[in-house]
Each structure stands twice: as C-alpha cells, then as structure tokens.
Amino acid sequence: MMKRKLAAGNWKMNGTTPSLAELQALVSVHKTPSVDILICPPATLIAQAAGISADSTIMIGAQDCHAAASGAHTGDISAPMLADAGAGAVILGHSERRENHNETSDLVAKKALAAHAASLIALVCLGETLAQREGAQTLDVIADQLAGSLPDGTTGANTVIAYEPIWAIGTGLTPSLEQIGEVHAFIRSRLDDRFGAGAAQDFRLLYGGSVKPENAAEIFATSNVDGALVGGASLKADDFSPIINALES
Ligand SMILES: O=C(CO)COP(=O)(O)O
C-alpha cells in the first residue's frame, strides 16, 4: 500500500465562519501537496469547509462521532451524518474527550467501528499523563489504549494512530525525540502483533502535542513518525503551512 504522510489539524472548539478564511488560504497555497492534509474544524463548520476544499486535495474531518448510526441521542452526531456533511475522517479518543466525557477505550473502539462503516478514516488518539510518564508506565498505558481502542477490521487504510502525550498538549512541552521514537516503534510492533506481521507498516503514526513550525522538521525526521496531529498551530494558515512544508521536505 502507498502510505502518504499526513498533516492533520484539530481546531478543537475554536472557529466560526470567518475562520474558514484560514482553510481557504491553505487551499490556495497547497494545490498539489506531496502529503495528505486533513483539517478537523468544529462540526458546525464541516459542510462549509468541505465546500471550500472540494476542488483541492485537502480532506475535512470531524472531532468525534457517536457509536450508533442514528437514534435517540440528543446532541450527538453520527458517523454517517459526518460523512453526509462532507467529512472523510474523524478524530476519536482524543484525551480531551477521554477526560472531559469519560470516554473509555471500549467506547472509542465502538466509535471506530461506526466510522469504518460510514467509510470515514478513524484517527485514534493515545497518550499518557505526566504522572504515568514519570512512573515509567507510558508503554503499558499505550499498549492498553491501543489494544482497547482498535476494533477488529482495523487496517492502515481505515485508521490512523496519533500518539499525543497529554502533558505535551497545549503546553509547549514536547517529549525528547528518543521518547517519541520509542513510543512510535512500540505502537508499530504492537500493530504487527495484533493485525499480522507486516500490517503495521501500512499505518500512519502521527505525533501530536505542541507541534510548531519551529520543531516540526526534527519531529518528522524521527523514525516511525508519519506526520502530525496539530492543535493550536493548525488554527492559522501561517503556522500550519510551514508544518506541511516540513512534512513534505
Ligand atoms: O491535542 C492536540 C491535537 O489533537 C495537540 O494540541 P496542541 O498542538 O495545541 O498542543
């Protein structure tokens, strides 16, 4: 399988219609990117964003979905609805959802199944807290989250994995390149264990947590890093664009 690198932006709960000018700027600048680009705006902007990016290669994604396709779930949005609005992917199991909405890995796996059924790429997030990092529990935590959050039928085509250490999100702190490389290599080996030798090489493994134009190149040069999931620095085209350029070079 041809594996393209992926620069993904997670706008989180930021942005109203005027913010779409930032997406428009990316569309104008990155006409024939050599990497995949994904922007995940708030759900309210997905349909408009999909319209703006329609003639470009930039994909639009969502930040969560419900595990069911439809039903009595007030306020929730299903994977088929996101696909209908123009999304091609959905972030699942972000630490902010695991923490703020008590999402378990089991629930994340059910949501990933729903995403796959709707032909959405599931972008599944994993990551340890600072206490777990300092307690040398990082690989155990990642192993548990990985095993629990991926349903059977997961492949490198329908799923992307993002390693996002919680203590690095929005803090300006990043792990050492050795730490990033260690976790990514570990994830890759666990994917082979679960899905069969050789399966892991098809997966895009993203790093997320305080990725900026200044540190992107060195992070992308780290082995087993196939791109980034970017929060704050994805909100402005002037910040995200150089990150895309670093991934392309
Ligand atoms: O949580 C993140 C992306 O999902 C990372 O956020 P920051 O890039 O703002 O640290």
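Here is a short chat about the two annotated active-site residues and the ligand shell in a predicted model.

Modeller: Residues are numbered from 1 along each chain as its sequence is written. As the model is predicted, local features need pLDDT of at least 70 and side-chain atom pairs count only at pLDDT 80 or more, while totals for chains, interfaces and linings use all residues.

Biologist: Which residues carry the feature "active site"?

Modeller: The unreviewed UniProt entry places it at His94 and Glu164. They span 71 residues in sequence, yet their C-alpha atoms are no more than 8.4 Å apart, so they gather at one spot. Bear in mind that such annotations may be inferred rather than shown by experiment.

Biologist: Why is His94 called buried?

Modeller: Buried takes 20 or more other C-beta atoms within 10 Å of a residue's own (exposed is 12 or fewer, partly exposed in between; C-beta atoms are placed from the backbone). His94 has 28, so it counts as buried.

Biologist: And what makes Glu164 buried?

Modeller: The same cut-off applies: 25 other C-beta atoms lie within 10 Å of Glu164, so buried it is.

Biologist: What does Glu164 contact beyond four places in sequence?

Modeller: Contact means C-beta atoms, placed from the backbone, within 7 Å. For Glu164 the partners include Ser95, Cys125 and Ile169. His94 touches Gln63 and Cys125, again leaving out residues up to four places away.

Biologist: Which residues come nearest to the ligand?

Modeller: Of the 14 around the ligand, those are Asn10, Ile169, Gly170, Gly231 and Gly232. A residue is near if its C-beta atom, placed from the backbone, lies within 6 Å.

How values were computed
Two residues are in contact if their C-beta atoms, placed from the backbone, lie within 7 Å.
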